[in-house]
Amino acid sequence: MTKEMTIIGEEAYRAARELLEVAGPEKGDIFVVGCSTSEVAGAGIGTFSSPELAEAVFGGIYQATQEAGVWLAAQCCEHLNRAIVLEKEAAVRYGCEPVNVVPQPKAGGSFATAAYKAFEHPAVVEHIKAHLGMDIGDTLIGMHLRDVAVPVRLRIREIGDARLVCARTRPKFIGGSRAIYEDEGNRPSSS
């Protein structure tokens, strides 16, 4: 691994750790990541797929999720309809129906391919509702987050040359002004 890839892997790890610290997920929650290695390399999305960069980014994020005890889910590119690669155990736990496809760098993306190769028992599913997520290079992970996503601003704003956008989710608040909520820190603002 080159020095540049080592730095990118470290950026990915630090960003994932910071998001995990801010979001405070429970063990067993799902952390979804969409990553364009083309954008990380400074090229336009979908124009410079790099398995080596994917392995560096994946390795950093995977280490952080393993330390936190959360499931990592890797979003495929639009050629596989943004399907998700995750461990089979997580797919079963969350009631996700598997589909039959194996991601490749040009059909699924290098990041999803790296995840598929690294997971012990990989499964591909069409839909999840993740608890938190990281979008590296404008890959549009929103369809795989729970209904109420809250932006999280990190100190790290880029991984390589790719923009980084992160979110956590929270339960919906229902019941109006007379309702009492468990977590006052997540109360909607009255603006």
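The questions and answers below walk through a predicted model, moving from one helix to the cores, the rings, a strand and a few single residues.

Q: How many residues does helix α3 have, and what distance does helix α3 reach from its first C-alpha to its last?
A: Helix α3 covers residues 51–68, and a span of 26 Å is expected for it at 1.5 Å a residue. The distance in the model is close to that expectation. Helix α3 therefore has 18 residues, a count used with the definition of the expected span, and it reaches 25 Å.

Q: Which residue just after α3 takes a positive phi, and of about what value?
A: Helix α3 ends at residue 68, and A68 is among its buried residues, together with others such as L53, V57 and I61. Just after the helix, the backbone takes a positive phi at G69, with a value of about 75°.

Q: Which helix or strand gives the most to the largest nonpolar core, and how many residues does it give?
A: In soluble globular proteins, nonpolar side chains tend to be buried together. Here the largest nonpolar core holds 42 residues, of which F31, I61, M134 and I136 touch the most other members. Elements that each supply at least two residues of this core include α1, β1, β2, α5, β6 and β9. The element that gives the most is α3, with eight residues.

Q: How many residues are in the second, separate core?
A: Apart from the largest core of 42 residues, the model has a second, separate core that includes L86, A90, A91 and I141. The number of residues in this second core is 16.

Q: Is the pair of F58 and F119 stacked or edge-to-face?
A: A pair of aromatic rings is described by the distance of the centres and the angle of the planes. The structure holds five aromatic pairs, and in the one formed by F58 and F119 the centres are 5.7 Å apart. The angle between the planes is 65°, and because an angle over 60 degrees counts as edge-to-face, the pair of F58 and F119 is edge-to-face.

Q: How many residues apart along the chain are F58 and F119?
A: F58 lies in helix α3, whereas F119 lies in the loop between α5 and β5, so that the pair links distant parts of the chain. F58 is buried at 4% relative accessibility, and F119 is buried with a relative accessible area of 4%. Ring pairs also link these two residues with Y62 and F111 into a cluster. Along the chain, F58 and F119 are 61 residues apart.

Q: Which residues of strand β7 point to one face and are buried?
A: In a regular strand the side chains alternate between the two faces of the sheet. Strand β7 covers residues 149–152, and its side chains alternate in this way, with A149 and P151 pointing to a face where they are not buried. The residues that point to the other face and are buried are V150 and V152.

Q: Which residue in β9 stands opposite A149?
A: Strand β7 is joined to strand β9, which covers residues 162–169, by four bridges, and the two strands run antiparallel. A149 belongs to β7, and opposite A149 in β9 stands T169.

Q: Is N81 buried or exposed?
A: N81 is found in the loop between β2 and β3, and it has a positive phi of about 55° although it is not a glycine. R82, in the loop between β2 and β3, has a positive phi of about 55° as well, and R82 is partly exposed at 21%. The relative accessibility of N81 is 59%, and because a value over 50% counts as exposed, N81 is exposed.

Q: The side chain of T113 reaches the backbone oxygen of which residue?
A: T113 is found in helix α5, and it is buried, with a relative accessible area of 5%. Leaving aside neighbours within four places in sequence, T113 is in contact with P103, Q104 and P105, and one of these, Q104, is partly exposed at 40%. At 3.4 Å, the side chain of T113 reaches the backbone oxygen of P103.

Key: Residues numbered from 1 in each chain as written. Predicted model: local features only at pLDDT ≥ 70, side-chain atom pairs only at ≥ 80, totals over all residues. Heavy atoms only, no water. Buried < 20%, exposed > 50% of the residue type's maximum accessible area, 1.4 Å probe, protein only. Polar contact = N/O pair within 3.5 Å; in protein donor to acceptor, adjacent residues only side chain to side chain. Contact = heavy atoms within 4.5 Å. Phe/Tyr/Trp six-rings, centres within 6.5 Å; stacked < 30°, edge-to-face > 60°. Pairing = 2+ DSSP bridges. Core = buried A, V, L, I, M, F, W, Y, C linked by side-chain atoms within 4.5 Å.
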